[in-house]
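Morning, everyone. I have one structure to walk through today. Please keep the viewer open while I talk.

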Amino acid sequence: MDANVVGNGGGNGAKKMIMVTMIILMLGYLMMWIIMPTNLYRYTWTPKLKAKMTSTYFGTQGQSILIFTFPLILIAVLASVYLHLGKRSRDFGLIRKENKKKRLTIWRRPVLVKGPLGIVSGIEVSFLMMFIALLIWSLSTFLHVGYGRLTITPGEKRWLAKWETTVFRLGLTGNICLALIFYPVTRGSTILAMLGLTSEASIKYHIWLGHTALAFFTTHGLGYLLFWAVSGQLSEALKWSKIGISNIAGELALLTGLIMWMTTFPKIRRKIFELFFYIHYLYIVFIFFFFLHVGISYAFYMLPGIYLFIIDRFLRFLQSRQRVRLLSARTLSCDTIELNFAKNPSLSYNPTSIIFINVPSISKLQWHPFSITSSSKLESDRLSVVIKVGGSWTRKVYDIVSSSSIDRLQVSVEGPYGPASNRFLSYETLVMVSGGSGITPFFSIIRDLLYASSTLNCKMPKILLISSFKTSSDLSILNLLLPLSSTSFDISKLDLQIKAYVTKDRHQSPDHLKQPRSIWFKPDVTDAPISPTLGQNGHLWLGAIISSSFICFLIFIGILTKYYIYPIDHNTNLVFSTGLRTILYLLILCICIFVTSSFAVFWNKRRNVMETKQIINMEGVTPRATPDSLYYNADRELESLPHQSLFESTEVYYGERPDLKRLLFDLKQSSIGVLVCGPKGLRHEVAAICASGLAENLHFESISFTW
C-alpha cells in the first residue's frame, strides 16, 4: 500500500477524533451558558464546584477558569492541529472531491437581502435566532431567579428593589455578547477557519454583537444611575470599592464604550473613517476598566475571546515591524496601480485573501486592506495587490509610486488573511460579478485556476466574468488580470469569457488600450520578502503559542496566589484588593503572551534567514537591458500571446448595464457558483436573484470589504 495513502488515512482518523472532541467541548461550553442563569447552577452546582476547585493556587476563580476559559483555549489549540493536518490534503483534486457534498447548499442561500443586517444566509439566520433565544432565555431566567429571591430591607420599596435587580441582570446578559465579540475580529483565528469563515466575512457579526452589548450595558449603567438618584444613593456613583464591584470603573468603561459606539454608525464611519479608526482603539481602555469593574474572577467568563485576540494582535504587531521588499509597480491611466512585492516561496494563501498595507511616509498608524491579485501557486516568489484611487490615502500612494523621482518606497504589511480552503473547482461554472475595483479579488481566482489548468488532470470549471465600469478608461484594469512575469502558462486551456459593461461612456476611449507602465524599485538591505510570520507550520506554532502562554499564565498566577495573595486573603475575597489582583493577573497574562509569541516569531525568522537572503539578493529583478532605468516596457513581449488570448475572450458593451437576471438564468449547468464583489446595490441585486428560488443551480457568495 502507498505510504501516502496510509499517512492520509491516519491523518483523517486523527482529524475525526479532534473534530469530535471539539464538538463535545463546544456543546458543554454552550450548555454552561444556558444553565448559568438557573437556580440549579447558582445554588446547587456552584457551591459544590467552588468547594472542589477552590485552592491556594487559583483561589475562588478556579471554577470559572476550568468551566469557561479552559474549554475555548483547548478548542483553539485542537483547531490548530486540525488545520495543520488538513493542510496536507488541501490541494485542488481533494477539494473538488470534498466539495461535491453540498448538504448545506439550501441553508447557504441568501434569506435576507435588504435591511439593517445586509445579506444574510439561512445558516446565519438560524444561528442568529438561536443567539437571540439564548439572550431572551438568560435575561428572563436571571429575572425570574432574582425576583424569586428578592430581599426587601425595612423601609425599602419593592419596585426599587426590582428595578435594581433588573438593571443588574441586564448587565449579566450583556456579558454574553462581550464573551463572543472578539472572535470575529481575530484575523488569524483557528476557530473561524474551522467554521469556514474569514475575519472579513465575520465583521458583521462583530458589529451585531457590539450594538447588542452596548445596548445592554447602556441600559445597565443608566438604570443604576437613575436608581441611585431616585433612592438617594447618588454617592454610590463615585464609589471605587477595594473589594468587589467598582462603580467608577464601570462608568469609565461605559463612557468609553459610548464614545466608540457613536462613531460606528454608517454615516459617521464612512464619512469620517479616520475618526472611527482611531477612536476604536479605545477598546483597550474599555476592556481594562471593565475588568476592574467586575474583577478578574468574573472576567474569566469573557476571557477566552480576548485572550486569543491579544495573541493575534501581538503577532500582527511583530510582523508589521518588518519593512517588506517592493519589487515593482504597474500604473494605469484610470488612477490604478499594481504593487508587486517579493514573497517567500514558503508563504501560501488561497484566492480572495487580503493583506493590510501601511506606508509610513503617509501615515504610521493607518492600515488599509487590499485584495491579493496574485496566486501563490502560479507566482511563488511575488505577491501583488491592485490599488484604485478612492480617497486621500490611496491618492497619495498613487502619486508617490507614479512619481518619476521615486526609486524606493517603505511599506509594511500584515497578513495575508483568507479562507482556509479553495472550493472553486467544485462548480461546473463559476460566475464572477463585479463593479469597479470589485474585480480585483477575482484576479487571484483566475490565476489560481490558470495554474490548475496547466498542472492538474481534472476538469476545469467554465469561467464567466461580468464586470461593470463607469468609464471606458477603467477597462484598462483588465490588463492587470495576468501576472507581470515570464511564468509559462497557457491561458487557452482556461474556458474564460469576460463581459465588460461601460455604463457612462457610449464610445471606446483610447486610454484603455494603453499598456500599463512598469516601474522597478531599487532593493534595500533592510527590506525583506513577505514571509509567513510563524513559518510553514504556522498553525502548529500558533497552537503552541496559545497552549504554552496559557500554561505559563496558570503557573505564574498560581505562584502569585499561593505565596502572595493567599497569605493575606485566605480565599475570603474580603481583604486583598480586587483591582490590584485584576491588574496583576492582566500584567502576567500579557507578559506570557508577549514572551511566547516573540520566541515563536524570532525562531522562525532565524530558520528562514537563508531563504530570505536568496530572495533579497535575487538577480534579474530589474531588467538587465536597462539596469539604471526605473521604467521598462519590454516585459510586454513576454505577455503578448496571453494578452492576445485574453483580448479575444473579452466582449465590451458601451452605454448599458448588464442584465444579470438574464445572464444568470441562461446558464443551465447543474452547479453554478456565483461570486459578487462591488457596490452594495450590486451585491443585493445578485443576492436577490440567487435567493428567488427560480434557479436552484445558483450558489451565492458575497465578497465584501465595505462593512
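I'll take confidence and overall make-up, then the two sheets, then an aromatic cluster and one contact.

First, a caution: this is a predicted model. The average pLDDT for the protein is 85, and 88% of the residues reach at least 70. Two stretches need care. Residues 1–7 have a pLDDT below 50, and beyond near neighbours in sequence that stretch makes one contact in the model. Residues 618–639 also stay under 50. For that second stretch the model has 42 contacts beyond four places in sequence.

Now the overall make-up. The protein has 707 residues, and 53% of them are buried. DSSP gives 23 helices and 16 strands. Take the contacts between residues at least 6 apart in sequence: 80% of them join residues at least 24 apart.

On to the six-stranded sheet. In what order do its strands run? The order is 14-11-10-9-15-16, the sheet is open, and the pairing is parallel. Which strands stand at the edges? Strand 14, residues 650–654, and strand 16 do. Each has a single partner strand, so one side of each is left without a neighbour in the sheet. Direction ignored, neighbouring strands here are turned by 15 degrees against each other on average.

Look at strands 9 and 10 in that sheet. Strand 9 covers residues 429–435, and strand 10 covers 462–469. They run parallel, joined by seven bridges. To find the register, go to Gly 435: opposite this residue, in strand 10, stands Ser 468.

Next, the strand 16 edge. Strand 15 is residues 672–677, strand 16 is residues 698–702, and five bridges pair them in the parallel sense. Gly 673 has His 699 in strand 16 as its bridge partner. Helix 23, residues 680–691, joins in here: strand 15, helix 23 and strand 16 make a β-α-β unit. What is its hand? The unit is right-handed.

Two helices to point out on this sheet. Helix 23 lies across strands 9, 15 and 16, and runs at about 155 degrees to strand 16. Helix 17, residues 440–455, lies across strand 9, strand 10, strand 11 and strand 15. The angle of helix 17 to strand 9 is about 155 degrees. Strand 11, for your selection, is residues 496–502.

Now the three-stranded sheet. This one is open too, in the order 6-5-8, with antiparallel pairing. Strand 6, at 368–371, and strand 8, at 412–417, are the edges. Both have a single partner strand, so each has one side left without a neighbour in the sheet. The average turn between neighbouring strands is 25 degrees, direction ignored.

Go through its pairings. Strand 5, residues 354–358, runs antiparallel to strand 6, with four bridges between them. Ile 354 stands opposite Ser 371 of strand 6. Strand 5 also pairs with strand 8 in the antiparallel sense, again over four bridges. There, Phe 356 has Glu 414 in strand 8 as its bridge partner. Is strand 8 covered or exposed? Strand 8 is mostly covered, with six of its six residues buried.

Next, the aromatics. How many aromatic pairs does the structure hold? There are 32. I'll show one, Tyr 29 with Phe 68. The ring centres are 6.4 Å apart and the planes are at 70 degrees, so this pair is edge-to-face. Anything over 60 degrees counts as edge-to-face. Tyr 29 sits in helix 1, residues 3–35, and Phe 68 in helix 3, residues 62–87. So the pair ties together parts that are 39 residues apart in sequence.

Are these two residues buried or exposed? Tyr 29 is buried, at 5% relative accessible area. Phe 68 is buried as well, at 0%. Zoom out a little. Ring pairs link both residues with Trp 33, Tyr 298 and Tyr 301 into a cluster.

Last stop, Ala 193. This residue lies in helix 8, residues 190–194. Which residues does Ala 193 contact, leaving aside neighbours within four places in sequence? Leu 83 and Ala 420. Ala 193 and Leu 83 are 110 residues apart in sequence, yet their C-alpha atoms are 8.0 Å apart.

That's the tour. Questions, please.

Conventions. Residues are numbered from 1 along each chain as its sequence is written. This is a predicted model: local features need pLDDT of at least 70, side-chain atom pairs count only at pLDDT 80 or more; totals for chains, interfaces and linings use all residues. Side-chain values use heavy atoms; hydrogens and water are left out. Two strands pair if DSSP finds at least two bridges between them. Helices (H or I, at least four residues) and strands (E, at least two) are DSSP runs, numbered from the N terminus. A crossover is right-handed if, with the strands pointing away from the viewer, the path from the first strand over the helix to the second runs clockwise. Axes are lines fitted to C-alpha atoms, for helices over the stretch in contact, and angles run from 0 to 180 degrees between N-to-C directions. Contact means heavy atoms within 4.5 Å. pLDDT is the predictor's confidence in each residue, from 0 to 100. Rings of Phe, Tyr and Trp (its six-membered ring) pair if their centres lie within 6.5 Å; planes under 30 degrees apart count as stacked, over 60 as edge-to-face and the rest as tilted. Buried means under 20% relative accessible area, exposed over 50%, partly exposed in between (1.4 Å probe, protein chains only).
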